[in-house]
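The following exercises are meant to be worked through with the coordinates open. Each task is followed by a solution that proceeds step by step.

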Amino acid sequence: HFPRAEGSAEEGLELSSRRYLVDHRALTLVSLRASLPGGKGSQVDGLTGLPDLQLLHDRFQELDEATVHAVLLVKLDQMAALQRRYGRQRCNQLIKAMASRISRAVPSQTMMSRWGDQQFVMLLTNIDGKEVVTAMADTLRKLVQQPLTIDQREMQTSASIGIALHPDHGKTLDVLMELAQEAATVAQQLGGDGYQIHDAALVPI
């Protein structure tokens with residue numbers, strides 16, 4: 001059973017800021033580097049402007065193998081229903097706005113990419129333990145809950161978040177992303193609006 005929000009998302013973010021420095025400079029630097037002439041100008045997502053998965057892989061290769069890192073997979077819930085109700089264009093605007101909202105509320109050392117159509121993957125580096133990651137997951141869950149106004153229409157979704165830890169759950173980014181995606185799918189199948197750490201005993205249906 002998933003923990004539910006207590007208090008507002010703003011309160012959750014305030015509490016989270018005690019352990020995290022909310023700073024968008026790292027993502028901005030990545031975007032600037034990606035746009036430099038002769039650089040990796042094509043390695044950004046066309047909709048959100050986030051670094052693409054190749055840059056995420058490059059970043060992972062630079063990490064110390066002996067330290068603890070985490071991969072979070074943030075899967076937006078109810079997107080099929082929202083698309084039927086509001087249309088593809090508005091849902092794309094929702095995804096773009098959600099990417100901007102989330103990227104402003106993650107630690108400065110975190111890299112975030114869009115994976116597939118309606119999910120995001122982020123790499124948290126040099127963490128102290130899984131408690132830090134679950135605190136961030138719960139903060140993101142509360143953040144995604146907050147409605148967005150798109151074309152004068154209020155749209156609201158939630159998030160199912162999967163977590164995989166390096167090196168306990170895997171030593172390559174591909175493995176960690178796969179396990180985080182499985183955990184997010186389990187979270188979604190259990191009702192969504194929650195997070196799940198990878199557990200070999202929990203397999204998506």
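A residue counts as buried under 20% relative accessible area, as exposed over 50%, and as partly exposed in between. The model to which this is applied below is a predicted one.

**Exercise 1. Classify Gln-78 and Gln-152 by accessibility, and state where each is found and what its phi is.**

Step 1: Gln-78 is found in the loop between β1 (69-76) and α4, and its phi is near 60°, a positive value in a residue other than glycine. Step 2: the relative accessible area of Gln-78 is 44%, and because this value falls between the two limits, the residue is partly exposed. Step 3: Gln-152 lies in the loop between β4 (148-150) and β5 (153-155), and its phi, near 65°, is likewise positive in a residue that is not glycine. Step 4: with a relative accessibility of 80%, Gln-152 is over the limit of 50% and therefore counts as exposed. As background to both cases, most residues other than glycine have a negative phi.

**Exercise 2. Decide which parts of the chain should not be read in detail, and outline its overall make-up.**

Step 1: the mean pLDDT of the chain is 84, and 80% of its residues reach 70 or more. Step 2: over residues 1-41, however, the pLDDT is below 50, although this stretch has 61 contacts in the model beyond near neighbours in sequence. Where pLDDT is low, the predicted coordinates should not be read in detail. Step 3: the secondary structure comes to 7 helices and 7 strands, which run from the N terminus in the order α-α-α-β-α-α-β-β-α-β-β-β-α-β. Step 4: of the 205 residues in the chain, 48% are buried, and among contacts with a separation of 6 or more, 72% are between residues 24 or more positions apart. Step 5: the chain exposes about 10,400 Å², of which carbon and sulfur atoms supply 49%.

**Exercise 3. Describe how helix α4 and helix α5 are placed relative to each other, and which residues meet.**

Step 1: the axes of α4 (residues 79-86) and α5 (residues 88-103) come within 7 Å and cross at roughly 130°. Step 2: an angle over 145 degrees would count as roughly antiparallel and one from 65 to 115 as roughly perpendicular, so α4 and α5 are oblique to each other. Step 3: on the α4 side Met-79, Leu-82, Gln-83 and Tyr-86 take part, and they meet Arg-88, Arg-90, Cys-91, Leu-94 and Ile-95 in α5. Step 4: the residues of this contact divide into 6 nonpolar, 1 polar and 2 charged.

**Exercise 4. Characterise Thr-110, Pro-167 and Thr-172 by their surroundings in the chain.**

Step 1: Thr-110 has its place in the loop between α5 and β2 (111-114), and with a relative accessible area of 7% it is buried. Step 2: leaving aside residues up to four places away in sequence, Thr-110 touches Met-122, Leu-123 and Leu-124. Step 3: Pro-167 is found in the loop between β6 (159-166) and α7 (173-189), and a cis peptide bond with omega of about 5° joins His-166 to Pro-167. Step 4: Thr-172 lies in the loop between β6 and α7, where at 40% relative accessibility it counts as partly exposed. Step 5: the C-alpha atoms of Thr-172 and Phe-60 are separated by 8.3 Å, while the two residues are 112 residues apart along the chain.

Terms used:
Residues numbered from 1 in each chain as written. Predicted model: local features only at pLDDT ≥ 70, side-chain atom pairs only at ≥ 80, totals over all residues. Heavy atoms only, no water. pLDDT = per-residue confidence, 0-100. Contact = heavy atoms within 4.5 Å. Helix = DSSP H or I, 4+ residues; strand = E, 2+ residues; numbered from the N terminus. Buried < 20%, exposed > 50% of the residue type's maximum accessible area, 1.4 Å probe, protein only. Areas by Shrake-Rupley, 256 points an atom, 1.4 Å probe, with all protein chains shown as cover. Axes fitted to C-alpha atoms, helices over the stretch in contact; angles between N-to-C directions. Parallel < 35°, antiparallel > 145°, perpendicular 65-115°, else oblique. Nonpolar A, V, L, I, M, F, W, Y, C, P; charged D, E, K, R; others polar.
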